[in-house]
Amino acid sequence: MLELKNVHTFYGHIHALKGISLTVEEGEIVTLIGSNGAGKTTTLRTISGLLAPREGEIWFEGQRIDGVSAHKITEMGIAHCPEGRKIFGRLTVRENLELGAFLRKDKDGIKQDFERVLDLFPRLRERLKQPGGTLSGGEQQMLAIGRALMSRPRILLLDEPSMGLAPILVQQIFDIIEEINAQGTTVLLVEQNARLALSIASRGYVLETGRIRLAGPAAELMDSEEVKAAYLGG
Amino acid sequence: MTIKATRRARTLPDFTTLILWGLGGISLLVILYRIFVVLTTQEELTATIWGFQLVNGLVLGGVYALIALGYTLVYGILFMINFAHGEVMMLGAYAGYFTLTYLNARGFMETNPILTLVITFVAGMLVSMLAGITLERVAYRPLRRAPRLVPLITAIGASIFLQNAALRIFGSKLRVYVKPSVIEGGFRLGESGIFVPRTGVLIFVTSILLMIGLYLLVQYTKLGKAMRAVAEDKDTAALMGIDVDRVIVQTFMLGSLLAGAAGVMLGFHNSQVNAFIGFIPGIKAFTAAVLGGIGNIPGAMFGGFFLGLAESLGPTALGIPSQYKDVIAFSLLVLVLIFRPTGLLGEVLSEKRA
């Protein structure tokens, strides 16, 4: 469904991705793990068109999408829920969700998805009229995921959904990610919390300084001595 | 960086700040005392004079507010001061002039005065809109990723270019706006006898209507939501599927439409137009936008009326000739920049740009 072939991305002169190749098949949860600065976020930003790769190809459902602008990639069915949630703080929760469906014209479908998101995250329902900036961190994360779902994406790119959240909330968010996947959305999940990410993913990639270090089924990575030592705390 | 800056602000203000605040306080007291003296001694300041200045201030304020909205809309999205905005307005004023003159010569104005006004406003707004879009495309878009100072200097260049291009094309002679008979003259308000010019009523009402229209558009339409999203975070807006470049163009369009209307209003208000009429009102409107808090839409409306009223009521209240109105306007700018750089209504900006 999604394939990266030898992708190189630069920030100015900094060579951030040094030849990333990966695939995501329909229906999967695939996770990218790795430490800070390994290139996980850069990979997602390159896929969603916020950054253009200097080399390599990105294919999504038979179309080449590297170099296409971000709003067109969203239109193709890739939703990116960015690192740090990036809620529109001065817009209300409802407006944030409506913006998620910005490109859609099917009023009934939008309404349906609006209800679906509020069923997934009941706490947002009480806060529809509040500015996004007044929500707690956990609620903002829920809103960010809900907003991404409003475009009814074929694939959801999630960047660090656990960041800065209390453990009980993290568990909740991950349960919901599994549920979203079960409802038919493919997920590419970037996480620092490697144990948790591998526990819900079918496959994983380990990134290190812009390269893929290891790849394989999640269970195998979980057992690998190397991953244990570096990312699972021994 | 940010942490350091806030910590410094929290501790005791340093010496220069204290002196500045002291000076500010003293000047405020002097001004208040002066107003008190004028009000208690000058007998001839009747309600008629005050009323006339009040009306004048509201009319000017409406024009300033419309132009200020253009500055603020563009700033909210691009963090750039479009100093050529006054010239965009000037082009609208010329378009209005040519439309009026043409319709007058054809005798259309005589028979359809109201329709003539509508057509004049539409023509001014459309021409300004085209000018705004062209400006964005030619002068600003290529500099989107340049440091912030670069488009600012370009804007000043564009402003000078447009002034002189207009001078070359339209000549240096004064062009006189003909007024349809419906907005000639004026009437006296009730017992007080306050004189209200019909042009003033037209300007005030039109500006209020346009502002309500803009507010509704920004609050409730898809474009408005997209604009607010782009103003907060361009990358995330693009992830929602918003075409950021298109929203930027549409923002310029909106701002320029309002400027075009303001240009026609100024034409009626001053009864004339030349290539340089954009400059002073442009800077005044910029002042108004800063007064209210630049980037803040209600702030620009408030700032426009505040400035208009300060300019017209100020000289009367202080007992000085009205030629000093520019001094009052720009003193206000300086004071606001020193004591409340985020503007009278603006808190938004500081938290976002910190």
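B:Phe98 is a good place to start in this predicted model: with a relative accessible area of 34%, B:Phe98 is partly exposed.

**Aromatic rings in chain B**

Across all chains, the structure holds 14 aromatic pairs. One of them joins B:Phe98 and B:Phe170, a tilted pair at 5.5 Å centre to centre with 50° between the planes. This pair links distant parts of the chain, since B:Phe98 sits in helix 4 (residues 85–105) of chain B and B:Phe170 in helix 7 (residues 149–170) of chain B, 72 residues apart. B:Phe170 has a relative accessible area of 18%, so B:Phe170 counts as buried.

Another tilted pair is B:Phe121 with B:Phe268, at 6.4 Å centre to centre and 45° between the planes. B:Phe121 belongs to helix 6 (residues 113–140) of chain B and B:Phe268 to helix 11 (residues 244–270) of chain B, so this pair ties together parts that are 147 residues apart in sequence. Both B:Phe121 and B:Phe268 are buried.

These four rings turn up again in a cluster: ring pairs link B:Tyr94, B:Tyr97, B:Phe98, B:Phe121, B:Phe170, B:Tyr177 and B:Phe268.

**Charges over rings**

What lies over the face of A:Phe10? That would be A:Arg54, at 3.8 Å from the ring centre. Over the face of A:Phe102 you'll find B:Lys222, at 5.1 Å from the ring centre.

**A nonpolar patch on chain B**

On the surface, B:Phe187, B:Leu189, B:Val201, B:Val205, B:Leu209, B:Ile212, B:Tyr215, B:Leu216 and B:Tyr220 make up a nonpolar patch, together offering about 840 Å² of accessible area. Strand 2 (186–189) and helix 8 (198–220) of chain B are the elements that give two or more residues to it. Helix 8 of chain B has the largest share, seven residues. B:Tyr215 is located in helix 8 of chain B, and at a relative accessible area of 38% B:Tyr215 is partly exposed.

**Salt bridges**

Over all chains, the structure holds 24 salt bridges. Here are three of them, with the N to O distance for each.

| Residues | Distance |
|---|---|
| B:Asp235 and A:Arg45 | 3.0 Å |
| A:Glu115 and A:Arg125 | 3.3 Å |
| A:Arg127 and A:Glu139 | 2.8 Å |

The salt bridge of B:Asp235 and A:Arg45 crosses between chains, from helix 10 (residues 234–239) of chain B to helix 1 (residues 40–47) of chain A. B:Asp235 is partly exposed at 33% relative accessibility, and A:Arg45 is partly exposed with a relative accessible area of 21%.

Within chain A, A:Glu115 lies in helix 4 (residues 107–120) and A:Arg125 in helix 5 (residues 122–125), so their pair ties together parts ten residues apart in sequence. A:Glu115 is partly exposed at 35%, and A:Arg125 is partly exposed at 37%.

As for A:Arg127, it lies in the loop between helix 5 and helix 6 (137–149) of chain A, while A:Glu139 is in helix 6 of chain A, so parts twelve residues apart in sequence are tied together. Is A:Glu139 buried or exposed? At 5% relative accessibility, A:Glu139 counts as buried, whereas A:Arg127 is partly exposed at 24%.

There's also a network of salt bridges that links A:Arg104, A:Asp106, A:Asp113 and A:Arg152.

**The sheet in chain A**

Chain A has an open sheet of four strands in the order 2-1-4-5, with antiparallel pairing. Strand 2 (14–24) and strand 5 (63–64) of chain A stand at the edges with a single partner strand each, so one side of each has no neighbour in the sheet. Eight bridges join strand 1 (residues 2–11) of chain A to strand 2 of chain A. In strand 2 of chain A, A:Thr23 stands opposite A:Glu3.

Methods:
Residues are numbered from 1 along each chain as its sequence is written. Chains are lettered from A and ligands numbered from 1 in the order in which they are written. This is a predicted model: local features need pLDDT of at least 70, side-chain atom pairs count only at pLDDT 80 or more; totals for chains, interfaces and linings use all residues. Side-chain values use heavy atoms; hydrogens and water are left out. Patches are made of residues with over 30% relative accessible area and no salt bridge: like charges are joined within 9 Å, nonpolar side chains (Val, Leu, Ile, Met, Phe, Trp, Tyr) within 5 Å. Accessible areas come from the Shrake-Rupley method with a 1.4 Å probe; for residues, only the protein chains shown count as cover. A salt bridge is a side-chain nitrogen of Lys or Arg within 4 Å of a carboxyl oxygen of Asp or Glu. Buried means under 20% relative accessible area, exposed over 50%, partly exposed in between (1.4 Å probe, protein chains only). Rings of Phe, Tyr and Trp (its six-membered ring) pair if their centres lie within 6.5 Å; planes under 30 degrees apart count as stacked, over 60 as edge-to-face and the rest as tilted. A charge sits over a ring if NZ of Lys or CZ of Arg is within 6 Å of the ring centre and within 35 degrees of the ring normal. Two strands pair if DSSP finds at least two bridges between them.
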